[in-house]
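Grab a pencil and open the viewer. Here are a few short exercises, each with a worked solution.

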Amino acid sequence: MKSLIVITGASSGFGAAMAKLFNANDYPLLLLGRRVEKIEALNLTGDVMIKKADVTDQVQLGSAIKAAEAKYGPTDLLINNAGLMLLGNVWQQSPTEWQTMLDTNVMGVLNGMQLVLPQMTERHHGTIINISSIAGYKAFQNHAAYVASKFGVHGLSETVRQEVADKQVRVMLVAPGAAETELLTHVTDDHALTEYEAWKETMGGLTLDPKHVAETVKFMYEMPQEVNIREVDIAATRQDS
Ligand code: NDP
């Protein structure tokens with residue numbers, strides 16, 4: 001019997017690709033997002049629970065996880081994937097956009113980790129995989145608050161990895177490069193968006209397919225519990241930065 005996997009941000013992009021792959025491999029799933037209709041439209045069958053949850057709301061996130069654990073048992077893998085990228089230079093971008101990114105990308109990850117770690121450390125079993133970005137260790141123009149949030153994810157992941165290592169709990173991090181998802185659809189700054197698209201064109205417009213990120217995450221999780229693939233950096237071969 002396979003154990004419960006929780007995926008935040010399962011309504012599109014990497015999250016939807018991971019949901020499909022783990023579902024095809026018969027893992028019980030809790031799929032989370034604000035647009036539940038998009039998760040339902042994936043038409044997954046079997047042991048799948050879908051709940052509306054905003055990762056910035058720890059109470060909402062916690063009650064969704066509690067409901068799934070009552071049905072499927074303790075969460076063995078939490079994938080903190082939900083995230084948001086809003087572009088713009090620091091002297092023009094709205095502080096509201098900075099706050100939204102920091103709340104979603106940093107607080108959302110901390111919220112999820114705090115909810116599952118008590119049972120994982122008690123069981124001496126469990127894995128957390130945080131989806132960061134190449135922007136988690138490298139700066140890009142027009143990305144200041146996004147870069148700050150993803151550097152944060154790198155830092156907090158390594159901190160918690162050290163904190164729970166002696167409890168046999170794994171914390172892993174995946175740093176993807178540019179991929180074809182809905183990530184850019186929220187950008188409000190047209191100039192920053194045009195510059196991003198022009199950068200993508202320098203790579204022939206080719207970016208990473210989310211299914212390859214999903215396969216990587218599955219490989220990392222399915223390694224024996226005593227092996228921790230701490231960090232994976234994955235990008236399209238054509239990405240030169
Ligand atoms: P998408 O925009 O396609 O997916 C983002 C997901 O996050 C959606 O399912 C969305 O669901 C969810 N989400 C956003 N805000 C919240 C919130 N407050 N509460 C709950 N869910 C939320 O983008 P990606 O698939 O690309 O992004 C997934 C992760 O990958 C992010 O962390 C992103 O930073 C990272 N990443 C993406 C890269 C890329 O080029 N695409 C490159 C490197 C990293 P809903 O709106 O339904 O709530």
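**Exercise 1.** How do H4 and H5 lie to each other: roughly parallel or roughly antiparallel?

*Solution.* Keep in mind that this is a predicted model.
- Start with the geometry: the axes of helix H4 (residues 95–123) and H5 cross at roughly 15° and come within 9 Å.
- Angles under 35 degrees count as roughly parallel, so H4 and H5 are roughly parallel to each other.
- For the hand, H4 passes H5 in a right-handed crossing.
- Now look at who touches whom: the H4 side includes Trp98, Met101, Leu102 and Val106, while the H5 side includes Ala145, Tyr146, Val153 and Leu156.
- Sorted by class, the contact of H4 with H5 has 14 nonpolar, four polar and two charged residues.

**Exercise 2.** Work out how H1 is oriented to H7, and list what meets at their contact.

*Solution.*
- The axes of H1 and helix H7 (residues 210–222) are 8 Å apart, and the packing angle is about 55°.
- That angle makes H1 oblique to H7.
- The crossing of H1 past H7 is right-handed.
- From H1, the residues Gly13, Phe14, Ala17, Met18, Leu21 and Phe22 take part, and they meet Pro210, Lys211, Val213, Ala214, Glu215, Val217 and Lys218 of H7.
- Split the contact of H1 with H7 by class and you get nine nonpolar, one polar and three charged residues.

**Exercise 3.** Which helix gives the most to the shell around the ligand?

*Solution.*
- The ligand has 29 residues around it, and Gly9, Gly13, Arg34, Gly83 and Thr181 come nearest.
- Helix H1 (residues 13–24) gives the most to this shell, with three residues.
- By class, the shell holds 13 polar, 11 nonpolar and five charged residues.
- Notice that Gly13 turns up again: this residue is among those nearest the ligand, and Gly13 is also part of the H1 contact with H7.

**Exercise 4.** Aspartate 26 is not a glycine, yet it has a positive phi. Find its loop, then decide: buried or exposed?

*Solution.*
- Phi of aspartate 26 is about 65°.
- Aspartate 26 sits in the loop between H1 and strand S2 (29–33).
- Count C-beta neighbours inside 10 Å: there are 11, so aspartate 26 counts as exposed. The cut-off for exposed is 12 or fewer.

**Exercise 5.** Do the same for asparagine 142: buried or exposed?

*Solution.*
- Asparagine 142 also has a positive phi, near 70°, without being a glycine.
- Its loop runs between strand S5 (127–131) and helix H5 (144–164).
- With 21 other C-beta atoms within 10 Å, asparagine 142 is buried; the cut-off for that is 20 or more.

Conventions: Residues numbered from 1 in each chain as written. Predicted model: local features only at pLDDT ≥ 70, side-chain atom pairs only at ≥ 80, totals over all residues. Near = placed C-beta within 6 Å. Helix = DSSP H or I, 4+ residues; strand = E, 2+ residues; numbered from the N terminus. Nonpolar A, V, L, I, M, F, W, Y, C, P; charged D, E, K, R; others polar. Axes fitted to C-alpha atoms, helices over the stretch in contact; angles between N-to-C directions. Parallel < 35°, antiparallel > 145°, perpendicular 65-115°, else oblique. Left-handed = near helix turned anticlockwise from the far one by under 90°. Contact = placed C-beta atoms within 7 Å.
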